[in-house]
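Me: Hi! Could we go through this one together? I have a few quick questions.

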Amino acid sequence: MELLREQFDQAFTNLDLGVRVQVAKAAHEDVRSFLEARPELRVLGFKSTLIGSYPRHTAIWPGKDVDIFGKFDGLNIATSTPGQIYDLVLHALEQRYGERITPQPRSIKISFGPGSAPGERYLRQFEAQAAAVHEFSVDVVPAVHWGERWGIPNRVPPGMDLSVNEIRAETRRLWESRHPDERWQETDPEQVTVLTQEANARHRLNSHGAFCRIARAMKQVRVVHLGGAKPNGLYLEFALLEAFDSVRIGLTSWPEAVRDSLHAVACRLDEATDSPLCDPVLGRPFEPGPTPTEIDAASRVFHRLADQATRAMREARCPAAAAWRKILGENGQSADGWVFPLPDGCAEDGRDLSARRNVLRGSDEARGFG
Amino acid sequence: MMSDLPDLESTEPDALERFVTELRESGFTPEDKSLRRWSGSVPRVLRELTDAATMTIVLREGWPYRPPAVEVPGLRGWHADFERACLWQQGDTSLQWLTLSGIVERIDTWAVARHRGFGQQGAALDAWAYFDAPLRGTLGIDIAELSSILPPRPEQSGNFSVQGVQPGFFRAVPGWIEPSQPRGRWFATQPPEEPPRSLDEAALLLSKTHQGQLDRQLRLIASKRRAWAVVALVWDGPYGFEVLPITLEPDGHGSHSVGLLRPTPHSCEARLLRAGPDAQLLEETRITIFGLGSVGSHLASNLANSGCRFLTMIDGDTLLPANVVRHAAPSFFEGYPKVAAMKELLENRCPWTHCEALVETPWSIPRLREHLNGANLAIDATGDGAFTQHLAKVCTDLSMPLVSVALYRGGAVARVRRQAQADHPIALRGDHWRYPVIPRDVDDDSVGLEVGCTAPINNAPPIAVVAAARLAAHAAMDLLTGRLEEPDEAIEVLRPLPEVPFDNVGRVRQDQFPPCAYLTSEARAEILKKAAAAFPNETGGILIGLPTENGEPWITEAVELESDSPSPSSYRVPPGKTQKAVDQARRIDDRLGYLGEWHSHPNATGQSRRDKQTMLTLAESPALVGSAPLLIVARRIEGRYELACSRVESTSLRKVELRSAGPLPSQSPQNAEV
């Protein structure tokens, strides 16, 4: 088996947020420091943490946003309504970010771009980069205590045939419900981060945490081969947590780990209709989960890729690299846009190139093109 | 006034006139007004073979491409067909007969051969052709069927019945079965020096006992106690048994008239002779064929005809009226399962082939394994890409050779894939450069859906079906005989497609694949970076690299040579910069050299007329003679640059596919000259 260790290391680097980490860091620090300094929020025990794939280290390039968990330590679901705290945060953010604010069903989005960079220091550092590097957003999700966990504003289930205004109105009605569990949705994203970090520390390969690297690879596969369709990235992370903890992932090499993960995800999807995947923190079926049709489509894709990965493990260096390149696809971060780099002397068509000396020196005449 | 030319329309009237003139000048005279028959002296070499002093040259329809007949009264011997010397074989294109001297020269050669003997091959010629009697029909006869002892001894004889199969076609069946059927009797003789030309000459070859039996037959015929009978002389020749079947009928005047039947063998062995030399190699061959549709049926037919002994045919479909247009089975079998129709057809035609017909469409792996158990070869002619992939994997696991055939693009392209031990697995070919992907048409191939059926009807014409079957049969025979002269994938373009390399009719060869060039990530990034930095002006430079072992350019560096007059609409390579840049690259790696040019277009326009003219001029410069310099144009589309590559070929620029490649491996000290 060709380990292609250098190429896999580079591929995982190409999946990372890269320079976008600087953007994310500057953006979330800007928002968090502003919110935590607001007296009207501080008085309610406001503190913020990062949640989502960014702090879990499972975000993949280009990583367009980062989530801030705005915790009101002095409030709980029985004594407050989502509308109160949502509006409090919204008004505070509007004062600083104005038109860059976009209210979301249960969060507030702040957009950043070349003209509205989150920090001068990083702009100077990356001024030669394309404008796309600077486009980023931060989502602030307000939360209050729900027992040991947290409650975030409930939302109208996605998929309903409603306009944006209708969704807003329905959401507001929901937030005014007399029943706290209708107003709020129970969650504990910080604990998900803890579980992920623990898994990454527990499962190591070549002195790297294996879980986060593999999770990023699976997310990339989803983007490339499922076109971003469900199941979403968090669902894949939960499926992988199950697989890693049940020792279904071989950790002797990166090819083996990726192949086993593709296979494990495919097999978990096969069972998902009868035995839904659970949120490992809440212990309840993942919501909103994929439909049986989406599960079936995703299962076929992951099985096919697992087969391709198995064949790649039997191939010589160049055809193996070409196969891994196709499995991980493109994301635009590397020089040629592909995640998996080609080893020396290998071509994308799988050929092992050997070369002859070139004796031509070209013409020194001036020449013009139009 | 009589015309000077024969009453014969010829495509070469001048040659005919010259020939007739030569005949006249040589003393030949026309026998009649048609001027087709010319009498002249018999050449000296024939005088000991005939008492005749003159011979006749007969000009026949088709002259000059069909040779004239040369009739020599009383001429006897092999290779003299009813007194016509067999001078030229059918199909001879020598035109030796265009002159009288050519004819005489050929007669001399024939006479010498006649004197020395024509050898075994000559003696193997059909004896019936020399017998001077009217032809009454054809008799299917096999001595092995009639005689218990092979070869039959010269004194041996036996009875047979003459069964009418079709008007003029009879079959000899052992024994006298029904009184109403004409009777036959065969007599074994010694091989004659020359074939008998009459019943009397034939009788001379018989033993006294057999002569008596013949006389008895003749008496029965003459007395009309028997309507007609057949007497067959049999002798053992160098190429098997020679048979001369002579018919005897009452002549109405108390005697008999003599006729002739053309003998033909109808045994399994005789048919197997026509199966070709590979038939012997296929005695133990077991083939399992999946899919007995149009392609599969012709393929199965080809394999059975070629001598395959065991065919397991698997298909769940029934032969429908519309199928018979392209299917090997005739409309007689409409309503039969396709496999049952083919079993009937093949076992009847090829008695050596044992067919197993399974009416099913198996997908389960255990069932597929069961069908492949004991087979030497699996063939997939289902035309179902999903099944092909499935079967290919099963065959890989079983180490079972597989040949898969399918038609694409409405029958424009036939592809046969072989998966034998050393072949690249079919499942991996989609990703491999050696196996070009046949592009799908934007228009669907199908002509519609049958009611209640989800499978589209492929619009491939019958000729394409037969061509695909032939290609697959050829691949199968190549594998089964162990020759392995064919590549593991054969693509035949039957109608050209717009896409390269399917744009020419015939076999697609690997060297016809679209030309490609390899480009390292670093070189690509350099072009994109410099093009973006120069925006809104154009910029450019040269491509540096080296050729691969197959000759494809491998671009490892793209060097910018800044224009001395930057402009949004043009780019100029300054003089004296190119070779310096190449030399600089060589100081780091001496394998590198110049490969071509690149420049940017700050708009979406592709290669310009000026670009083309510059490249053609460049290719003619002494420094680049014999090379095909590349041109990469980076054009800006929606804010991003995209690369398009071409190369100089003759007087035009041909599109080149750019493929990514890794960096050039560093040069090992012992292999400095890679």
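Me: What does A:Arg357 form a salt bridge with?
Reply: Its partner is B:Asp590, and the closest N and O atoms are 3.1 Å apart. Do keep in mind that this is a predicted model.

Me: Sure. How many salt bridges are there across the interface of chain A and chain B?
Reply: The rule finds 7 of them between the two chains. There are also 39 residue pairs in polar contact across that interface, with both residues at pLDDT 80 or more.

Me: Which elements give two or more residues to chain A's side?
Reply: Those are α13 (292-314), α14 (317-328) and β10 (367-369) of chain A. The largest share comes from β10(A), with 3 residues.

Me: And what's the mix by class on that side?
Reply: The side of chain A that touches chain B has 17 charged, 11 nonpolar and 7 polar residues.

Me: How many residues does the contact take from each chain?
Reply: Chain A gives 35 residues and chain B gives 69. Together the two chains bury about 4500 Å², and 49% of that is on carbon and sulfur atoms.

Me: Back to β10(A) for a second. Which strand of chain B does it pair with?
Reply: With β27 (residues 571-573) of chain B, over 3 bridges. The sense of that pairing is antiparallel. If you want a spot to look at, A:Gly368 stands opposite B:Arg572 in β27(B).

Me: Nice. Let's switch to sheets within chain B. What order do the strands of the open sheet have?
Reply: The open sheet of 8 strands goes β16-β15-β14-β17-β18-β19-β22-β23 in chain B, and its pairing is mixed. At the edges are β16 (354-358) and β23 (506-507) of chain B, each of which pairs on one side only.

Me: How many bridges join β18 and β19 of chain B?
Reply: There are 7, between β18 (residues 402-408) and β19 (residues 413-419) of chain B, and these strands run antiparallel. B:Leu402 is found opposite B:Gln419 in β19(B).

Me: Now salt bridges again, but over all chains. What's the count?
Reply: By this rule it comes to 49. One example is the pair B:Arg309 and B:Glu283, whose side chains meet at 3.7 Å, N to O.

Me: What does that pair tie together?
Reply: Two loops of chain B. B:Arg309 lies in the loop between α8 (294-305) and β15 (310-314), while B:Glu283 lies in the loop between α7 (268-274) and β14 (286-290), so the salt bridge ties together parts that are 26 residues apart in sequence.

Me: How many aromatic pairs are there over all chains?
Reply: The count is 20 by this rule. Among them is the pair of A:Phe8 and A:Phe12, which is tilted, with 6.2 Å centre to centre and 35 degrees between the planes. These two residues are 4 apart in helix α1 (residues 5-15) of chain A, so about one helical turn separates them.

Me: Last topic, the backbone. Where is the cis peptide bond that ends at A:Pro231?
Reply: That bond runs from A:Lys230 to A:Pro231, with omega near 5 degrees. A:Pro231 sits in the loop between α10 (210-225) and α11 (233-245) of chain A. In chain B, a cis peptide bond joins B:Trp63 and B:Pro64, with omega about 10 degrees. B:Pro64 is in the loop between β3 (54-58) and β4 (69-71) of chain B.

Me: And what is phi of A:Leu4?
Reply: Near 50 degrees, a positive value in a residue other than glycine. A:Leu4 lies in the segment before α1 of chain A.

Key: Residues numbered from 1 in each chain as written. Chains lettered and ligands numbered in written order. Predicted model: local features only at pLDDT ≥ 70, side-chain atom pairs only at ≥ 80, totals over all residues. Heavy atoms only, no water. Contact = heavy atoms within 4.5 Å. Buried area = accessible area lost by both parts, 1.4 Å probe. Salt bridge = Lys/Arg side-chain N within 4 Å of Asp/Glu carboxyl O. Polar contact = N/O pair within 3.5 Å; in protein donor to acceptor, adjacent residues only side chain to side chain. Nonpolar A, V, L, I, M, F, W, Y, C, P; charged D, E, K, R; others polar. Pairing = 2+ DSSP bridges. Phe/Tyr/Trp six-rings, centres within 6.5 Å; stacked < 30°, edge-to-face > 60°.
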